Structures are given as C-alpha cells and as structure tokens.
Amino acid sequence: MSAEHQIAHFLRELGSPDPDLRAAAAKGLGRTGGPEHAAALVGASDDPDPRVRAAAAHGLGRLGERQAGPGMLVRLMGDPQPEVRRGASLAALRLGLDDRSATEAYVRLLRDPDRHLRINALTALGAPGDPVALVESLGDADPAVWGRAHSLVYRLRDVPAVRAEVVRTAREGTGAARARALEMLPARCTERLLDSLLAGLRDPSAQVRTAVVRRLLATGPGPGPVDDALAVALDGERDPETAAWLIVALGRWSDPRALGPAVRWLGDPVAGPRAARVLGGIRTEAAAEHLRTALDDRALPGLTRAAAAVAIGESGAWDAVWRLLPLLDDADADLRGGVLDGLGTLVDDGLRPWERHAVAWALAAHLADGHDVWRTRDALAGLAQALPAVRRLADRASHGEVRAAALSLLDPDGTAGDLRRFVRGLDDPYEAVRYHAALGLIRWAETSPEPLPDTARVRARLTVLTSDASPRLRRAAADALDALGPAAGAASGRRPRP
C-alpha cells in the first residue's frame, strides 16, 4: 500500500466507531502524514476516549509540526487521564515547546501523581518556571525525580528567585526537600541559618535532623552553645543515622559528654562504627576501656569491632599491638580489615623496638596466606624488619597477587638482589607482578646512579611490554623505558624526553 493510500486509510479510520481503530489511525497518521494532516490530529484531541486523545498527542509529536498543535498539547497536559498527560508531555518535549503556556503546563506537572510526568516536566524545564514547585521537587520520593530536580536547581542556583527559595526551604521547609536544600547551600550560609538549624535538631524528620547536624559540624572554632544543643539532642535521639552524626559532631572536640551516648550506641550496626571512632578520640581511660571491651565483644557487629581496632591503633596505647595481633586471622573479614588498618597506623607512627619484629612476622605471615593482600601490604609499608620475609615472598609465593604486593614493598635503593627481582618479575605470568616489577625499575632508576646490568635484555623486555594487553602495564613499561634513559627510549622506538 502506497503512502497516499495509507494516509487516506488513516483519515477514514479516525471516524471509526471503534476507539482502538481511531487510536491506531492517529498514531499512523503521525508516522506517515505531513503538516497538512495536523488539523485532523488536533480534531482527534477532543475524542471522548483517552486512548485516542493520547494517540493524537503522540501523532502530533511524531509529525513534527510545531506550529499546529501547541495549544492542543498544552490542553492535553492537563487532561484528567494520566496516559493522555504523558503522551502530550512527550509530544511537547519532542517538539521543543518552550513558550509561557508550555512552561506553565510543565510546572503544573511537577506535582503530578504520575512519576513519569514529573520526570518529563523536569526534563523540559530549562528555566525556573515556578521556583517553589521546582525546589519542592527536591523532596520527591522517587530518586529519578528528585535527582533531576537537584541537577536543575544546581544549574539555576544563581537565579535570585531560585536561590531565595532554596534558602527559604532550608530554613522553613519540611522533610526531604529541606534536608536536600540544606545540603545544597554553601558553608558560608550556616551562620545566618543558625537559629533555624538549632530548632531543626527537634524536627520530626530524621533526614532533616541528620542534615542539620552535618551542617552544624562546620560551625565554630571550638566548643560552645552549639555543642550544648547537640548534647541535649543526642540524649533524646532515637534514629541511628542521626545519632551517629550527633556523636561525631559532639566528639569532634573530644567532649566527654559524647562518652555515654557513644557507649549506648555501640551495639547498633549503623551508629556503632562511628561511636567507636569517637570513643578513640576522647582519650580518657574510661573511653579506652570501653574500646577494649568493644574489640573483644563478639556480639557486636564486625564493622563496629573493626572501628574499635582502628581507634585502638590510632591511640598508640601501650597494649595496642598485643590486643590487635591475636585478631589478625579472625574469621570476620571486616574485623581483620580494621585490625590491619590499626596495625598500619601503629607502623606509620613508629613501633616500639620490642614490637617491631612481632608485628613484622605476623603481617608477613598474613600476607603469605593470601588474605587481605593489599591491605596487609599497606600495613607493612615502611617496616624494615619485614623485608627478609617480603623478599622470600617475592621469590617463592605461589599466589601472583602476593608476589606483586611483595615486589611493591621492596625499597628502590635496596640490595642488588631486589633489582634482580624487579628484572625477573618482568617475565612473570601474572600481570600484577609484571606491573609492579616495571614500577620497581622506575623507582630504582630514579634513585640509583649505577647503570642497569644487562641493559639490552631489560630494555628489550620492557619494549615488548609496551604492547601488552594491560593498559596500566603498557604505561608502566613505557615510563620505565623513559626513566632508564635515552638508550631505552631508542630501543622502544620512542623519542627520548629532552
């Protein structure tokens, strides 16, 4: 059937008593018709059946006749039936309608019960329209809606009406809209919002209370009236997330009033980890004893015990090493991670002479087991007493990731044996080992004045690795060639750097 015959058929079907046929005809006319057929679709927009009205809007959008149907589409965007409103809004989007009547229709759709229509409206609005409705959309329950609203408000943040509405909502709004408005405002606004923020500590919405506390964290050079209000709020708080932030805010100056609430919330899976970290910052014997108890309490969530382990490591207490080492092989992966981080902090801060070998042996053995490889590697960094064991792992470990981690720990100005390990690692079957071997050669070249032994073979091997399938290995091999000097650059066909 020719296009002319199809169009004639669709025009006849628009008068059919069957609404399904009329709807199909309206869609078909939009697909195959021309500008001269827009009037027929406008006429179908008054059809008593919502399916036909939606199809007429769809057809007009497909037809692309911007001048023929703006009034009809704006009218259908207020139709009682959501499917009609949806079809009209999509058609208006397709046609790029942006006059005042279309903008007002989109603003009305910001409060539509149909989420798709709210999304369409936010997609279409490039101007503020109604700032109140726009900022109100920050509180939408649907992430797709409030996320688009957030992006639009941010883009329009310098429009005075939008900026004023965000401030008003942050001060007087309700629920999620107020919380998100608070998060959007720059820190310099905190002082002029202070009265409303302190009142917001009693807001019925936990999301608002949390946003208020997070903003109050940035106030003041030290303890003061704000902390007094935080302490009062913390005593009556029942929401775990809000309580966690209150504990953090009150504990930022090691306020002893945070001690009791932090201990009470240790058992909560949400607030517990942050409560443990705050206990570590209070630095009193009572807080330290609660941390020790939390570390040993198997009834507590693993993340809370892990946070206690980190806090104990940060404290540098006389018994910190001996409390953490027995838990290094615990079955709980979260706890092991916290123990490794705590031990790493102790290593960074400087172990006592009688602690160094015990920590080195324990961490090297843990690395050899292949568990928590890179976290263990980070804890070992800088611990010279571990180097003999690390070298053995670089030579003999069966797990490629362990060999790679061991190579990464070798000091660039170490022994000639370490240089041989880097060279040998270039031929390792495991990509991570080759990568860290190349990085080791870069470190060696940057710190050693000595020429590289067997330079031709090493350069040839690095040149091959510049074509490896791994992007990071190609980059490391090329950098190693550059670091090794002009001759290496010539071997790879690369021009040496000036």
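How many residues does helix α23 have, and what distance does it reach from its first C-alpha to its last? In this predicted model, α23 covers residues 353–368, which is 16 residues, and it reaches 24 Å between those two C-alpha atoms. The span expected at 1.5 Å a residue is 22 Å, and the value for α23 is close to that.

Seven positions in α23 can be taken together. Glu355, Val359, Ala360, Leu363, Ala364, His366 and Leu367 are the buried residues of the helix. They cover an arc of only 155° around the axis, so they lie on the same side of α23. The background is helix geometry: an α-helix has 3.6 residues a turn, so residues three or four places apart point the same way. Trp354 and Trp361 are on the other side of α23, and both are exposed.

What lies over the buried side? The cover of the buried residues of α23 includes α21 (320–324) and α22 (333–349), together with α24 (373–380), α25 (387–396) and α26 (400–409). After α23 comes Gly370, with a positive phi near 85°.

Helix α25 can be read in turn. Its buried residues include Leu387, Ala389, Val390, Arg391, Leu393 and Ala394. Among the elements that cover the buried residues of α25 are α23, α26 and α27 (416–425). Helix α26 thus appears in the cover of α23 and also in that of α25.

An arginine is among the buried residues of α25, and another buried arginine is found in α19. Arg292 lies in this helix, which runs over residues 285–296. With a relative accessible area of 10%, Arg292 falls under the 20% cut-off and therefore counts as buried. Its side chain is joined to that of Glu285 by a polar contact of 3.1 Å. Apart from neighbours within four places in sequence, Arg292 is in contact with Glu285, Ile312, Asp319 and Arg323.

Just before α19, the loop that follows α18 (272–282) holds Arg283. This residue has a positive phi of about 60° although it is not a glycine. At 54% relative accessibility, Arg283 counts as exposed, whereas Arg292 is buried. Ser254 is also not a glycine and has a positive phi, of about 55°. Ser254 sits in the loop between α16 (240–251) and α17 (259–264), and its relative accessibility of 31% makes it partly exposed.

Two other arginines are placed against aromatic rings. The charged end of Arg157 sits over the ring of Tyr154, at 4.0 Å from the ring centre. In the case of Arg180, the charged end sits over the ring of Trp146, 3.7 Å from its centre. As for pairs between aromatic rings, the structure holds zero.

The last stop is Ala88, in helix α6 (residues 82–95). Is Ala88 buried or exposed? Its relative accessible area is 0%, so Ala88 is buried. Leaving out neighbours within four places in sequence, the residues in contact with Ala88 are Ala57, Leu73, Leu76 and Met77. Ala244 gives a sense of distance within the model: Ala88 and Ala244 are 156 residues apart along the chain, and their C-alpha atoms are separated by 47 Å.

Notes:
Residues are numbered from 1 along each chain as its sequence is written. This is a predicted model: local features need pLDDT of at least 70, side-chain atom pairs count only at pLDDT 80 or more; totals for chains, interfaces and linings use all residues. Side-chain values use heavy atoms; hydrogens and water are left out. Helices (H or I, at least four residues) and strands (E, at least two) are DSSP runs, numbered from the N terminus. The expected span of a helix is 1.5 Å times one less than its number of residues. Buried means under 20% relative accessible area, exposed over 50%, partly exposed in between (1.4 Å probe, protein chains only). The arc is that of the directions from the helix axis to the C-beta atoms. Contact means heavy atoms within 4.5 Å. Rings of Phe, Tyr and Trp (its six-membered ring) pair if their centres lie within 6.5 Å; planes under 30 degrees apart count as stacked, over 60 as edge-to-face and the rest as tilted. A charge sits over a ring if NZ of Lys or CZ of Arg is within 6 Å of the ring centre and within 35 degrees of the ring normal. A polar contact is a pair of N or O atoms within 3.5 Å; within protein, one must be able to donate a hydrogen and the other to accept it, and residues adjacent in sequence count only if both atoms are side-chain atoms.
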